[in-house]
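Trainee: I am new to this model. Please take one part and go through it closely, then say how the chains meet.

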Amino acid sequence: MGSGNALILWGRLLAPSLRSARNRLRRPTGRGVAKGLLFALAGAAVWAGVYGGVLRALVYFRSTEAVGDLLVAKLLTMLCLLFLTLLVYSNLVVSLSTLLLSKDLDLLASLPVPAGVVFLRQFSLGLLHSSWMFLLFGTPVFAAYASLYAAPPLSLLVLVVGLAGFLLIPACASGFLILVFGRIFPARRVREAAAVGGILLFAALYLAFRVLQPERLADPGSFRSLLGYTLSLQAPGSPALPSTWLSNLAFEALRGQWSNATFYLSLIVTTGASLTIVLAEVAARIYPSLLSRAQEAGGRRRRRETAGSRPLPVPLRWLPHSLGAVILKDTRTFLRDPTQWSQLVLVAALIIVYLYNFRVLPKERVPLPTFDMENLLAFVNLGLCGFVLVAVAARFVFPLLSLEGRSYWILRAAPMAARDILLGKLLLGLAPILGLGLFLTVASNLVLGSTRLMHVVSAGTTIGISVAAVTLALTFGILYPRFNIENAARIPTGVGGLTYMVTAMAVILAVLAIEAWPTYLLFSARYKARGLSTAEWAAILGLFSAAGILLAGVSALALHRGLRALARLEP
Amino acid sequence: MIRLHGLRKVYASRVALDGLDLHVAHGEIFGLLGPNGAGKTTTVRMLAGLLQPTGGRIVIGGLDAAQDPIGVKRCLGVIPDRPFIYEKLTGQEYLEFLASIYGMNGESARRRIPESLNFFELHEWRNELVETYSHGMRQRLTIAGALIHSPKLLIVDEPMVGLDPRAARRVKDLFVGLAKNGMTIFLSTHSLDMAEEICHRVGVINQGKLIALGAPDDLRRAVGDRTLRLEEVFLRLVEEERWGPETP
């Protein structure tokens with residue numbers, strides 16, 4: 001088949017996806033319009049926020065005497081490496097679904113179309129789906145650089161072409177990996193292997209990046225000598241990495257250095273194009289057999305041999321039978337799904353970096369008394385810890401009901417009250433979130449060396465925040481269920497997840513605002529070694545009680561709303 | 001066993017079920033027939049407690065489903081048309097889960113689970129994850145799960161989908177045997193041969209309304225031709241409902 005015919009077929013195969021997108025835009029429902037507007041606004045706000053933040057940082061860095069431009073260039077190299085890593089990861093996850101697990105593969109494979117064209121169609125959709133995040137977070141970075149250097153308009157065009165070529169490179173790399181994995185494992189195992197491998201890679205890079213302490217580049221004082229600092233800045237990224245080519249292209253084009261820019265542009269575009277051609281050739285040969293393997297079941301997966309019926313595990317025996325059974329079922333489902341438990345690796349990396357941040361904090365250079373500083377940080381830490389808890393609850397608690405998926409009918413048909421279903425999910429979500437919250441606050445307070453009083457305030461507040469974060473996550477998960485989404489990580493990415501995050505963060509900020517003054521009063525009295533008046537004690541108790549009442553009220557209201565919604569929720 | 005009084009369900013502005021009145025006796029196998037979109041699955045899902053009626057009453061075993069939904073569900077077994085079950089549990093774990101939910105004691109669960117797995121020829125696969133089961137195996141496991149607590153009423157939506165002829169025969173014989181032992185079976189089906197073979201009475205539903213009710217012979221009598229197969233009776237009833245009775 002000629003390449004012209006292949007291109008026409010490719011276009012025809014893509015048409016249904018494009019038409020579906022057009023139909024969604026043309027015929028939005030009332031709720032759809034609101035969702036679309038909310039997403040557009042949120043997207044614009046994120047874009048503007050990233051642009052503003054990066055530009056501000058760049059102006060600051062560039063003002064550094066003698067090394068300003070080097071610093072800004074180094075930062076771009078690091079950011080491009082980060083983009084490349086994220087793109088490889090997201091392409092790996094998305095391509096796996098589009099190339100091997102997509103529901104329309106049956107139909108596509110039965111059409112009189114060469115498998116190579118089917119592959120190209122799925123590859124193109126994967127590329128689109130995995131690159132939109134880059135548009136949101138990557139383009140404002142380059143726009144900020146363009147503003148910083150008052151770049152000529154032609155450089156923007158060069159950059160757009162370069163970015164298009166750059167996006168092809170991680171997509172092709174992931175495509176090759178999927179083809180190799182697909183030859184080795186059945187499709188279901190490939191998904192699990194890729195998910196675990198991708199997360200391990202991501203966590204390792206995240207930890208490595210943090211331990212390198214990139215913030216030191218903005219602080220020449222932390223280096224032994226100016227020469228060491230300058231050498232560190234001048235050390236280029238690996239010349240073999242496409243991220244280095246992109247950062248060089250951007251830096252040269254934005255400053256109007258056309259001959260260098262042309263070299264890097266050619267390097268990126270020819271690499272992207274030739275990788276795509278080679279991938280298409282390889283795929284034309286082996287994709288048909290992969291499509292066939294993708295239809296095969298994953299083989300038998302034998303669990304431990306058992307005879308007869310087993311009782312519930314000891315920790316669940318004190319619960320009513322049905323409640324224990326639901327918790328056991330959810331726990332088993334979680335632990336047997338590598339795409340689920342592997343996310344715990346990310347949480348572990350997050351905890352390590354979280355505590356590491358406090359350890360490397362340059363407290364000694366802050367012009368505040370040590371006593372105040374440590375306790376101030378411990379108080380601010382409550383907000384950070386709250387944010388982490390909300391994010392973790394969004395990932396693990398929010399999807400708890402949606403993960404019932406199309407099996408939700410089983411619980412609804414069973415003689416279980418909605419209250420028991422809610423309670424089962426609540427207990428399952430609360431225990432780990434509460435444990436994580438207390439671990440983070442206690443450990444970070446120990447690292448900071450804060451006082452015993454601060455430990456008590458932190459622990460009390462964290463318990464309240466954990467309960468509120470979990471009850472809100474459960475309730476929003478019930479109000480915005482997504483039973484049709486199998487990938488748990490995608491469940492909280494819709495309007496419901498976003499609304500939950502905003503609501504929970506607002507509650508945490510309100511609690512911290514209420515607690516700020518009484519905490520300050522307690523510490524200043526202690527620091528100045530003076531007693532508190534009765535009125536001050538009354539105010540302190542009143543405000544802490546108000547924070548407690550707010551958290552308890554939010555949790556109770558959330559549970560009430562969640563219960564009502566669950567009772568009405570039909571499978 | 002089942003009493004439906006003016007049962008009604010409206011989705012947005014579409015009336016799916018329009019005032020269904022029905023009585024099904026203990027030990028009876030009742031078949032609900034109807035064309036696509038007639039309201040069969042809606043009826044089954046409301047009986048199973050999966051959907052809330054817009055109006056009317058459901059009384060099962062003397063209990064009002066609106067007043068005591070948990071009590072009603074305790075005496076039900078449900079087999080949906082598509083066997084979506086927990087993929088990451090093994091067959092045995094799925095049955096253990098249901099046994100716990102239905103409050104079966106350890107002794108009876110220990111006895112019933114292997115019995116069920118053997119009967120439905122899943123014993124060899126009992127320790128495999130459900131995700132590796134074929135469609136027919138999942139359907140058999142769903143049926144085993146619905147019967148694990150020996151319900152008084154079995155509600156079935158399209159019971160034979162995905163079963164091979166041998167398994168289908170076994171399930172039909174099982175239903176007949178269960179009904180003889182006093183279990184009531186309410187099934188919705190497109191399989192008119194099966195309805196004719198095992199149902200004591202059938203109801204024909206069209207556009208949310210019950211248009212005929214009785215034993216298959218009663219329906220033949222109603223259309224005036226005792227030699228017709230149930231399929232032809234059904235088609236004639238539905239056509240009459242749509243176009244009015246044929247005039248000679």
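Mentor: Helix 5 of chain A covers residues 115-137 (helices being DSSP runs of H or I, at least four residues, numbered from the N terminus), and its 23 residues reach 34 Å from first C-alpha to last, close to the 33 Å expected, that is, 1.5 Å times one less than the number of residues. A kink of about 35° is centred on A:Ser131; the bend is the angle between axes fitted to the seven residues ending there and the seven starting there. This is a predicted model, where local features need pLDDT of at least 70, side-chain atom pairs count only at pLDDT 80 or more, and totals for chains, interfaces and linings use all residues. Residues are numbered from 1 along each chain as written, chains are lettered from A and ligands numbered from 1 in the order written, and side-chain values use heavy atoms, without hydrogens and water.

Now the interface. In chain A, 39 residues contact 41 residues of chain B (heavy atoms within 4.5 Å). There are three salt bridges between the two chains, each a side-chain nitrogen of Lys or Arg within 4 Å of a carboxyl oxygen of Asp or Glu. One salt bridge joins A:Glu570 and B:Lys9, at 3.7 Å from N to O. Helix 8 (187-211), helix 12 (321-335) and helix 16 (408-413) of chain A each supply at least two residues of the side touching chain B. Helix 12 gives the largest share, seven residues.
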